[in-house]
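Me: I would like to learn how to read helix packing and ring pairs in a model. Can we take one feature at a time?

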Amino acid sequence: MKLVQSAALVFIGALGIATASWAQQRVDHGKVEYDAHCAICHGVSGRGNGELRKFLTKAPSDLTTMAKRNGGAFPNQLAWEMIDGRGGTEVGPHGTREMPVWGQNYRIEALSQAGTATEPEWYVRNRIVALLDYLSRLQDK
């Protein structure tokens, strides 16, 4: 009986370690997205001081003050439209703005990957939602 109890305790302990290990490995998809596509212009901290800033006609905005500039509420819809960029009448990957039209870039990426082509808009949506979540966490308090 003690052997069974000991084995059970070892199993539960191992399960706890495995669960803790899994929890530590969670990926922040919004941060990954931001670091890969936004930080180069907006800066690692989101303050508009990225490496490409000096080459841009218009300085990137400080993304940490979006809520402050919107009466204290994070402007989800406005941010979505700016990131997606497909709702305007602009032509080309940038149109008349300097920020890339990420919605179109994500859609092209989805169509080029096996398994996502049936629902490319879900792929676009998930990428933007993850990014919005991260941006909302960057806001100055």
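Reply: Start with burial. Buried means under 20% relative accessible area, exposed over 50%, and partly exposed in between, with a 1.4 Å probe and protein chains only. Helices are DSSP runs of H or I with at least four residues, strands are runs of E with at least two, and both are numbered from the N terminus. This is a predicted model, where local features need pLDDT of at least 70, side-chain atom pairs count only at pLDDT 80 or more, and totals for chains, interfaces and linings use all residues. Residues are numbered from 1 along each chain as its sequence is written, and side-chain values use heavy atoms, leaving out hydrogens and water.

Me: Which residues of α4 are buried?

Reply: Ala79, Ile83 and Asp84 are. Seen down the axis of α4, these buried residues fall within an arc of 125°, so they line one face of the helix. The arc is taken from the directions from the helix axis to the C-beta atoms. The face turned away from the buried side of α4 carries exposed Gln77 and Leu78.

Me: What covers the buried residues of α4?

Reply: The cover includes α5 (102-112) and α6. Contact here means heavy atoms within 4.5 Å. From α4, Asn76, Ala79, Trp80, Ile83 and Asp84 meet a set of α6 residues, among them Val124, Ile128 and Leu132.

Me: How do I describe two packed helices?

Reply: Two packed helices are described by the angle between their axes and the distance between the axes. Axes are lines fitted to C-alpha atoms, for helices over the stretch in contact, and angles run from 0 to 180 degrees between N-to-C directions. α4 and α6 pack at about 125°, with their axes 10 Å apart. That makes α4 oblique to α6 (under 35 degrees is roughly parallel, over 145 roughly antiparallel, 65 to 115 roughly perpendicular, the rest oblique).

Me: And ring pairs?

Reply: A pair of aromatic rings is described by the distance of the centres and the angle of the planes. Rings of Phe, Tyr and Trp (its six-membered ring) pair if their centres lie within 6.5 Å; planes under 30 degrees apart are stacked, over 60 edge-to-face, the rest tilted. By this rule there are two aromatic pairs. The rings of Tyr34 and Tyr134 have centres 5.5 Å apart and planes at 45°, so this pair is tilted. Tyr34 lies in α2 (residues 29-37) and Tyr134 in α6 (residues 120-138), so the pair ties together parts 100 residues apart in sequence.

Me: Is Tyr34 buried or exposed?

Reply: Tyr34 is buried, at 0% relative accessibility. Tyr134 is buried too, at 9%.
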